[in-house]
Amino acid sequence: MEKFASPGKGNGLRLLRPVKPGELLYRAEPLAYVVTKKRLGGVCERCLSSKKQLLRCSQCKVARYCDAHCQKEAWQDHRRECKCIKSVEPNFPPDSVRLVGRIVFKILGQTPCPSEKLYSFSDLKSNTEDLNEEMKEGLGHLATTLLLYLKVEIHDASQLPPTLDIFQTFAKVTCNSFSISNGEMQGVGVGLYPSMSLLNNSCDPNCVIIFEGPQLHLRSIREIQKGEELTISYVETMMLTSERQQHLKRQYCFECDCLMCHTKSKDADMLAGDEKAWKEAKEVINKMGAPKSKEEWEQVLLMCQTFLRNNSSQLPDTNIYQLKVLDLAMDACINLGLLEEALSYGNRTLEPYRFYYSGFHPLRAVQLMRVAKLQYSQEMFSQALETLKQAYDIMKVTHGTEHSLVHDLMMLKEDCEAGLLSE
Ligand SMILES: [Zn+2]
Ligand SMILES: [Zn+2]
Ligand SMILES: [Zn+2]
């Protein structure tokens, strides 16, 4: 792999040899990463696994770990930050502030980071010249928050690394940080992997990024020729072209000119059906916060059921808002233990998922696995095995056979086979 000047896009990454789909092209440890505020307390700060019982840092009482081993491994990154967290209690800094705090300590500690091999933190683009006044004000505010947060460890700005400009650093973090997702593709953390910031966007990319804990894996999902630019998608696939472009412009300061943005190929399908009905669906989705309690999930389910009952004839399941309502109804049922009903919603999502997440897409694999679990719960063993096979065919490319999620899949497969034998 090498860095090169990609026409019109600044730097890019390309390959020195052709590859097939499913090859692991790069493995990177983060320069710095944090658990997102939303997941705080529910995942281990070191390995990012979700667990019910986690050990708590006895100092700040915020950081949590699987066990003494994870805590020990995390100590180098947490040592100075721990005092800062304690000092601002009961407040907790925003993710970007906590992340920049860790970057500051990392630079002061001068620990070399292997993920800076192709591109270093100081090489990263900050795009500050493209920011509007409102954005600049936002970053300035974050810089102030950071200085307050770091105060117990770094008394004034003169003790900061001399090469580090805080405002620039926040600008860099905004357009270069990666959202770290767990096996189920839910966001659990945010991190910086400088070399991987060389990857440019395509809404129809030839590579995918998958995480194993905080470790980033770059994998090919197509055949790629020698010298061809490597691309990933910075944004969710199931978005209208105009929404994708708006998002890319706002967060990354560029206009995407990929083929999908030119042809707007799936936009009409995304909005198929009666306009009044999908606008209502959009409202249902926007009203949802982050349900936690049983009562909140019951409310969510009721809203979804009511919507689906009243509008089912006016919208195809491929309409993205209808599809999101189906997904939400499935989630709610799983949380409430209504597995048979969850399966009926899950089944309806599979065809639209195949359509939008065509080729090798990790989200489709994860959805297939969720449906397979539900089929297993209903003792539909042979159907579950068929669904798992489809999930596996995608995952061996997107995740690789060594990934922990594939390991989970194989365990479920064994359970299904055992179920089939006992029938
Ligand atoms: Zn852990
Ligand atoms: Zn602590
Ligand atoms: Zn595009």
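1. Let's start with what helix 4 packs against. In this predicted model, the buried residues of helix 4 make contact with helix 2, helix 3 (133-150), strand 7, strand 8 and helix 5 (241-252). Helix 4 itself spans residues 166-176 and is mostly covered, with eight of its eleven residues buried. The buried set consists of Ile166, Thr169, Phe170, Ala171, Lys172, Val173, Cys175 and Asn176. You may like to note that Lys172 and Asn176 are among them.

2. Two of those partners, strands 7 and 8, belong to an open sheet of three strands, ordered 4-8-7 with antiparallel pairing. Strand 4 (32-35) and strand 7 (178-181) are the edge strands; each has a single partner strand, so one side of each has no neighbour in the sheet. On average, neighbouring strands here are turned by 30 degrees against each other, direction ignored.

3. A closer look at the pairing of strand 4: four bridges connect it to strand 8 (residues 187-192), and the two run antiparallel. Within this pair, Tyr33 sits opposite Gly191 of strand 8. Helix 2 (residues 95-109) packs on the sheet and touches both strand 4 and strand 8, its direction making about 145 degrees with that of strand 4. Helix 2 is also one of the elements that the buried residues of helix 4 pack against.

4. Next, the N-terminal hairpin. Strand 1 (residues 2-6) and strand 2 (residues 10-14) run antiparallel and are joined by five bridges. Ser6 stands opposite Gly10 of strand 2. Three residues lie between the two strands of this hairpin, and Gly8 in the turn has a positive phi of about 80 degrees.

5. Now to the metal sites, beginning with the zinc ion (ligand 2). Its donors are Cys57 (SG), Cys60 (SG), His78 (NE2) and Cys82 (SG), at 2.1 to 2.4 Å. The angles among the four donor atoms run from 104 to 116 degrees, and the site is tetrahedral. Along the chain, the donors of this zinc ion (ligand 2) are spaced C-x2-C-x17-H-x3-C.

6. How far apart are His78 and Cys82 in helix 1? They are four residues apart in that helix (residues 68-87), so about one helical turn separates them. In general, an α-helix has 3.6 residues a turn, so residues three or four places apart point the same way. Both His78 and Cys82 are buried.

7. On annotation, UniProt lists residues 44-82 as "domain: MYND-type", in an unreviewed entry. In the model, the end C-alpha atoms of residues 44-82 are 15 Å apart, and the span is 38% helix and 10% strand.

8. The zinc ion (ligand 3) has four cysteine donors: Cys203 (SG), Cys256 (SG), Cys258 (SG) and Cys261 (SG), lying 2.3 Å from it. These donor atoms subtend angles of 105 to 113 degrees, which makes the arrangement tetrahedral. The spacing of the donors of this zinc ion (ligand 3) is C-x52-C-x1-C-x2-C. Cys203 and Cys256 link distant parts of the chain, being 53 residues apart: Cys203 is in the loop between strand 9 (200-201) and strand 10 (207-212), while Cys256 is in the loop between helix 5 and helix 6 (259-263).

9. Finally, are Cys203 and Cys256 buried or exposed? Cys203 counts as buried because its relative accessibility is 5%. Cys256 likewise counts as buried, at 9% relative accessibility.

Conventions: Residues numbered from 1 in each chain as written. Chains lettered and ligands numbered in written order. Predicted model: local features only at pLDDT ≥ 70, side-chain atom pairs only at ≥ 80, totals over all residues. Heavy atoms only, no water. Donors = N, O, S within 2.8 Å, 3.2 Å for Na, K, Ca; no water. Tetrahedral: all angles 85-135°; square planar, octahedral: opposite > 155°, others 65-115°. Buried < 20%, exposed > 50% of the residue type's maximum accessible area, 1.4 Å probe, protein only. UniProt positions renumbered as here; feature names shortened; annotations may be inferred. Pairing = 2+ DSSP bridges. Axes fitted to C-alpha atoms, helices over the stretch in contact; angles between N-to-C directions. Contact = heavy atoms within 4.5 Å.
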